[in-house]
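Got the viewer open? Let's take a short walk through this model, one selection at a time.

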2 protein chains.
Amino acid sequence: MRPDDLIMVSVDDHLVEPPDMFENAPAKYRDQMPKVVRKDDGADVWVFNGAEIPNIGLNAVAGRPKEEYGIEPTAFDEMRPGCWDVAERVKDMDAGGVLGSMCFPSFPGFSARLFAAADDKDMALAVLRSYNDWHVDEWCGSAPGRFIPMGLPVLWDAELAAAEVRRLAEKGVHSLTFTENPYTLGFPSFHSDHWDPLWTALTDTETVLSIHLGSSGQLAFTAPDAPMDVLITLQPMNICTAAADLLWSRIPKQFPDLKIALSEGGTGWIPYFLDRIDRTYDMHHLWTGQDFGDLMPSDVFRRHFLTCFISDPVGVQMRDLIGIDNISWECDYPHSDSSWPFAPEELAEVSVDVSDEDLDKISYQNAMRWYSYDPFAHLPKEEATVGALRAKAAGHDVEIRSYDKGRFEINRQGVDLGTITRKATA
Amino acid sequence: MRPDDLIMVSVDDHLVEPPDMFENAPAKYRDQMPKVVRKDDGADVWVFNGAEIPNIGLNAVAGRPKEEYGIEPTAFDEMRPGCWDVAERVKDMDAGGVLGSMCFPSFPGFSARLFAAADDKDMALAVLRSYNDWHVDEWCGSAPGRFIPMGLPVLWDAELAAAEVRRLAEKGVHSLTFTENPYTLGFPSFHSDHWDPLWTALTDTETVLSIHLGSSGQLAFTAPDAPMDVLITLQPMNICTAAADLLWSRIPKQFPDLKIALSEGGTGWIPYFLDRIDRTYDMHHLWTGQDFGDLMPSDVFRRHFLTCFISDPVGVQMRDLIGIDNISWECDYPHSDSSWPFAPEELAEVSVDVSDEDLDKISYQNAMRWYSYDPFAHLPKEEATVGALRAKAAGHDVEIRSYDKGRFEINRQGVDLGTITRKATA
């Protein structure tokens, strides 16, 4: 398929929360809502619950030269506006040929653990609901049909978490961001029955548990002097830990309708993983006691898990071993792994041998089905292609440039600073 | 290829150390050598340096029914004799069609960390050398051409480690077992120059650094209540952590001739890993400072790493993306993942579409080249095939039976004991 003819829905992008997002928060908690404070050195930080959170836009480097990919933006003017301004985001999506996008949070953490850490749980719940309302009504609401809405979880209370899922479902939300491993965040594990009210609410409302890599609070650490490349290489591979933990947990047996997405998890490792779980079952279930009835673990995996990739020639080649109905494309805007604005060309390149039918499933149809998302209720299909969106965005500036204002932090670990070329401000 | 026509050399098996192995140790340290003590309950334990090591044959379950795979043998008579008796081992190899075998240690740990923990380092060195001499002279020496000899490393001193590698090379040894991560065992990491004398000795003597999965001292732990299946699934996948750590370390740049084997690491994940490291390099090397000159990281991987599999249909299918010269078969006798004595049939089954040329590389030629191993100096090729070896072993008993003497420990983690069927003693 030609890049222009693709329809592209991304199941994993990121938004940087804008400073004014809590303006509509309940009056009672207005003063306790997270707020952005500009420091004397020009840096912007979120302040909440007595703490300063400096990573306002972790790895939000879209539009920058690669030499700056290791540099963390510390203020809004060090980021491309599309990171945090939804009108600009939609223009960037148009220019990148992206019809639809699901946006994970930034400063609260992927599973909103920042809010879970507050002592005043009533206040924390008000903040979280305010965030979710803003996400649905303001961010997604400003461009109907262009976003897959997603809720933050009430991590500290499974009943409240279930109630929030049901409240959000009434607003059309079918995705909940969650952690790879609640145990490592200090909560009961996937093997406990603690979360059953949440799993029940998710299945009742056809809401997908969207698990983003890096959400366990644990990094793929090898040694303190290991270069950053080790971490970058391993980070996406470690979501297989969550996949194994969930697959062998009680969830597939007790909640056969629960859908799970392994966000930013890649796909090339899945065929090996499926072979591994089937072999593990064959060799060991007689003493471990696992029982999937007539199914093999690989069947169970395909019933429950959506996988996705940014650019993964191996996964595309092995799509039949993964399951063509279990693969989605993602953009990962505005992080450094993203190929925005050239994702359509990259996807077309790795898919030259893929039938249009298979490619349509990967690029948008699986995302629509899993997330109960229908962009065509708002936009005719012929206006949703890469070519049509890009034509609409003609003139929108996507030039690569430095956003360095001189207050960057180097996101380094064992990296020789001398190898970093600092660019003059554009 | 028909199973009978295969020639099979296994680059990963395990020996259980027999009680009499230190009989030829230096007189000075005779009393301090590890020794086997039989407990009142009939269990056998190794005693060394004031400690009792109960896992004499970790997971040595060959020949048992699958219901007993989760049960740890605690005495020599609870194991198939081929685990610890080399004459019986060779018969088991014949019956399984296995020409050659490289045997990792059991009670000292994969990188002999037990010996490294002793306060008296002179004594520890004497023990380690005595072990290595026994391994080469007695275990391998009893059946010339049937084993790839392997040394244990002097983990606590890089200069002594280098000297031992050179000493062993004089005895024909071209393999050194080592840890996935020295840092997690309390030693300097792969990123330090601490190990340079060892790397130099390995390259000088064409000795392969054989890194067995599970040798980092860290398990793939998710939660205390996670079922054992999670650990079993993830254990072989986690060697990619070591692969990434080594690939991005100074070793490939400073020691371009060093050869590394990822023992029991599987192969199906390698194509994805190679794509991932190349993409990481492309996206990030401008700020991380990695520099491989004219090579891509995947080229560097193929220059340094031998991979292997027990049964891996995905890896076999993707062999061209891995590198046909970088793949070896392994048997993993006597552990539960092994398909002994039916490995030839299993390998033939996953290789139906593989050319004889490729299959010969996988089943024995790559192992011979990497480990400077030449079985045909001792045995004509026509007597080395699966069919010829099995004919020789006609009548050798390979029947599956219970070795349960009633003192087993259940190797459990979150497993319902009620699901374990204990068998009557055979």
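How many helices and strands are there in chain A? Select chain A and color by secondary structure: you should find 15 helices and twelve strands, counted as DSSP runs (H or I, at least four residues, for helices; E, at least two, for strands) and numbered from the N terminus. Before going on, know that this is a predicted model, where local features need pLDDT of at least 70, side-chain atom pairs count only at pLDDT 80 or more, and totals for chains, interfaces and linings use all residues. Residues are numbered from 1 along each chain as written, chains are lettered from A and ligands numbered from 1 in the order written, and side-chain values use heavy atoms, without hydrogens and water.

Zoom out on chain A. Its C-alpha atoms fill a box of roughly 65 × 55 × 50 Å along the principal axes. Now color by burial: 64% of the 426 residues count as buried, meaning under 20% relative accessible area with a 1.4 Å probe, protein chains only.

Next, select Cys331(A) and Cys103(A). Why is there no bond from Cys331(A)? Its sulfur is 10.0 Å from the closest cysteine sulfur, the one in Cys103(A), which is too far. A disulfide here is a pair of cysteine sulfur atoms within 2.5 Å, and the count over all chains is zero. Cys331(A) is also buried, at 3% relative accessibility.

Hop over to chain B and pick Cys308(B). This residue is in no disulfide either, with the nearest cysteine sulfur, in Cys331(B), 12 Å away. Cys308(B) counts as buried, at 2% relative accessibility.

How values were computed. Buried means under 20% relative accessible area, exposed over 50%, partly exposed in between (1.4 Å probe, protein chains only).
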